[in-house]
Amino acid sequence: MSEKRKESGKDAPATSKKQKEEDKSLYVLHVSLAKSPEVWRQIEVGGKTSLEKIHVAIANSYGYLPQLPCAFFTGEPWNSDTYYSSSCDKKPTMSDISLADLKLKEGDVLTYLYDFGAEVSSEVKVEKITTSSTSVEEPRVVKSEGDAPQVADEADDYEDPEDDDEDDKEDGDEDEDDSEDGDDKHDGDDDDE
């Protein structure tokens with residue numbers, strides 16, 4: 001038992017020190033919508049924070065549901081390293097990698113693609129990397145500008161509730177057409193008299 005303590009004692013200080021250093025690294029991310037750069041969020045995250053947690057923070061900050069397929073790209077979308085949300089059946093997942101694992105520097109940019117159907121793209125720029133006096137466990141939005149555009153109603157499995165309204169309008173249009181046809185028939189009846 002004392003050998004195990006010695007072995008764990010040898011490795012423990014180096015591992016703990018490294019973990020503490022990573023725990024205290026603080027990344028300031030500027031997340032802006034590609035099609036509406038005036039809509040942005042500034043998010044602080046710890047270096048050990050998984051990309052999955054960052055994805056959830058971004059989605060929530062825009063009022064989107066994080067359950068849809070999403071991805072981070074380290075370069076050109078689909079032509080670079082890609083990390084998928086847990087809702088995808090693809091590897092590697094966002095949960096498998098932390099922000100520090102990407103070895104990003106200030107000024108580096110990731111692409112975040114929310115909802116593969118709607119393809120809402122955001123630029124995630126590393127504004128600043130510093131150390132924090134305390135470890136940052138969860139991403140936190142510290143500044144926000146603008147409202148994100150709405151995407152398809154995700155809660156209904158991509159069914160847009162406006163589609164039902166359009167169907168009703170079309171049904172109403174058909175009723176109007178029917179009544180017009182009825183008027184035409186009535187007019188025709190008047191001509192016969």
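## A tour outward from strand E1

Select Ser25, Tyr27, Leu29, Val31 and Leu33 on one side of strand E1, then Leu26, Val28, His30 and Ser32 on the other: every one of these residues is buried, and both faces of the strand are thus covered. In a regular strand, side chains alternate between the two faces of the sheet. The model is predicted, and in it nine of the nine residues of E1 are buried.

Next, colour the partners of E1. Strand E2 (residues 40-46) runs antiparallel to E1 (residues 25-33), and seven bridges join the two. Two pairs may be displayed here: Val28 with its bridge partner Glu44, and Leu29 with Ile43. The connection from E1 to E2 is a hairpin of six residues. E6 is also antiparallel to E1, with nine bridges between them; in this pairing, His30 has Lys125 as its bridge partner.

Now show the whole sheet. It is open and consists of seven strands in the order E4-E3-E5-E6-E1-E2-E7, paired antiparallel. Its edges are E4 (82-84) and E7 (140-145), each of which pairs on one side only. On average, neighbouring strands are turned by 25 degrees against each other, direction ignored.

Then select helix H2 (residues 51-61). This helix lies across E1, E2, E3, E4, E5, E6 and E7, and runs at about 115 degrees to E3 (70-73).

Finally, centre the view on Ser50, in the loop between E2 and H2. Is Ser50 buried or exposed? Its relative accessible area is 15%, so Ser50 counts as buried, the cut-off being under 20%. Apart from neighbours within four places in sequence, Ser50 is in contact with Met94, Ser95, Ile97 and Ser98.

Key. Residues numbered from 1 in each chain as written. Predicted model: local features only at pLDDT ≥ 70, side-chain atom pairs only at ≥ 80, totals over all residues. Heavy atoms only, no water. Pairing = 2+ DSSP bridges. Helix = DSSP H or I, 4+ residues; strand = E, 2+ residues; numbered from the N terminus. Axes fitted to C-alpha atoms, helices over the stretch in contact; angles between N-to-C directions. Contact = heavy atoms within 4.5 Å. Buried < 20%, exposed > 50% of the residue type's maximum accessible area, 1.4 Å probe, protein only.
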